[in-house]
Amino acid sequence: MIKVLFFAKLRETLGTSDLEIDYAGTVADLKAQLSMRNDCWAEQFAQENLLCAINQQVAADESPVSEGDEVAFFPPVTGG
Amino acid sequence: MIKVLVQVEDFDAGAEVAQLRSTASGAIVQFVGVMRDNNQGDTVASMHLEHYPGMTESSIERILVEASERWSLLGCTVIHRVGTVLPGEQIVLVAVSAAHRHAAFQACEFVMDYLKTQAPFWKKEQLHNGESRWVDARESDDRAAARW
């Protein structure tokens, strides 16, 4: 199992903050898998500026996701 | 010498600066970000700050380590609030101490520019008219961070 977290506007739009799924592969393929849930998810994961972190480290589309990982998706940050 | 706090409560900037003062610290620069009651022409009633517990703290620590590698610093403190913030309230403190002012000024600005573009915080504004909206990331912040 991996844990997937969603933050801010993405969390609100999807209507969920986290889920646990069986998955191994790249971030890009994970996004493709999540996009198959429905049109809303597809639209959200098609956003080019969506950011990703694996185990709280910034990750890219080609980064590998393994068993037990915590993967987070979120919009560009607006702190400070 | 590195202190990072992410908290709901307000902070005492003066007390934090006092902690950075020593016989070696010839210069202390502090930046305090304050919430404005106006954004993009709309009156903002309050703001909610969301973060990614764990990653937010570690990403700020990484920024401070990088600042310490670029400039000769004696201490650096970052306090960033989360939760609900009202107009006029403090949002963020960056305080840097160094032997000389040049390093302290530059490092303070560097840390602030990186905070804006790399630390996982998200702002949602509650407008005076009852609407709420997520604040969009600004290109000007990306440009400010890119110059380092």
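Here are four short exercises with worked solutions on this predicted model.

**Exercise 1. Chain B as a whole**

Work out which elements chain B has, and how compact chain B is for its 148 residues.

*Solution.* Start with the inventory: chain B holds 4 helices and 9 strands. Next, walk along the sequence, where these elements follow the pattern β-α-β-β-β-α-β-β-β-α-β-β-α. Now turn to compactness: the radius of gyration of chain B is 16 Å, close to the 15 Å from the globule rule for 148 residues, so chain B is as compact as a globular protein of that length. For the outline, a box of roughly 50 × 30 × 30 Å along the principal axes takes in the C-alpha atoms of chain B. Finally, look at the contacts in chain B between residues at least 6 apart in sequence: 76% of them join residues at least 24 apart.

**Exercise 2. The nonpolar core**

Find which residues of the largest nonpolar core touch the most other members, then follow Val111(B) to its contacts.

*Solution.* Begin with burial, since buried residues account for 37% of the 148 residues in chain B. As background, nonpolar side chains tend to be buried together in soluble globular proteins. The largest nonpolar core here has 52 residues, and those touching the most other members are Val94(B), Val96(B), Ala107(B) and Val111(B). H3(B) contributes the largest share of this core, 9 residues. Then take Val111(B): leaving out residues up to four places away in sequence, Val111(B) touches Ile63(B), Leu64(B), Ala67(B), Cys76(B), Val78(B) and Val94(B).

**Exercise 3. Where chain B meets chain A**

Determine which elements of chain B each supply at least two residues of the side that touches chain A.

*Solution.* First count the participants: 21 residues of chain B are in contact with 13 residues of chain A. Helix H2 (55–70), helix H3 (101–118) and strand E8 (121–127) of chain B each supply at least two residues of that side of chain B. H3(B) gives the most, with 5 residues. Sorting this side of chain B by class then yields 12 nonpolar, 6 polar and 3 charged residues.

**Exercise 4. A sheet in chain A**

Explain why one side of strand E2 and of strand E5 in chain A is left without a neighbour in the sheet.

*Solution.* Lay out the order: 5 strands of chain A form an open sheet, E2-E1-E7-E4-E5, with mixed pairing. E2 (18–21) and E5 (57–59) of chain A stand at the edges with a single partner strand each, so one side of each has no neighbour in the sheet. Neighbouring strands of this sheet are turned by 30° against each other on average, direction ignored. To finish, zoom in on one pair: strand E4 (residues 51–54) of chain A and E5(A) run antiparallel and are joined by 3 bridges. Ala53(A) stands opposite Val58(A) in E5(A).

Technical notes: Residues are numbered from 1 along each chain as its sequence is written. Chains are lettered from A and ligands numbered from 1 in the order in which they are written. This is a predicted model: local features need pLDDT of at least 70, side-chain atom pairs count only at pLDDT 80 or more; totals for chains, interfaces and linings use all residues. Ala, Val, Leu, Ile, Met, Phe, Trp, Tyr, Cys and Pro count as nonpolar, Asp, Glu, Lys and Arg as charged, and the others, Gly among them, as polar. A nonpolar core is a set of buried Ala, Val, Leu, Ile, Met, Phe, Trp, Tyr and Cys residues joined through C-beta atoms within 7 Å. A residue is buried if 20 or more other C-beta atoms lie within 10 Å of its own, exposed if 12 or fewer, and partly exposed in between; C-beta atoms are placed from the backbone. Two residues are in contact if their C-beta atoms, placed from the backbone, lie within 7 Å. Two strands pair if DSSP finds at least two bridges between them. Axes are lines fitted to C-alpha atoms, for helices over the stretch in contact, and angles run from 0 to 180 degrees between N-to-C directions. The radius of gyration is taken over C-alpha atoms; the globule rule is 2.2 Å times the number of residues to the power 0.38.
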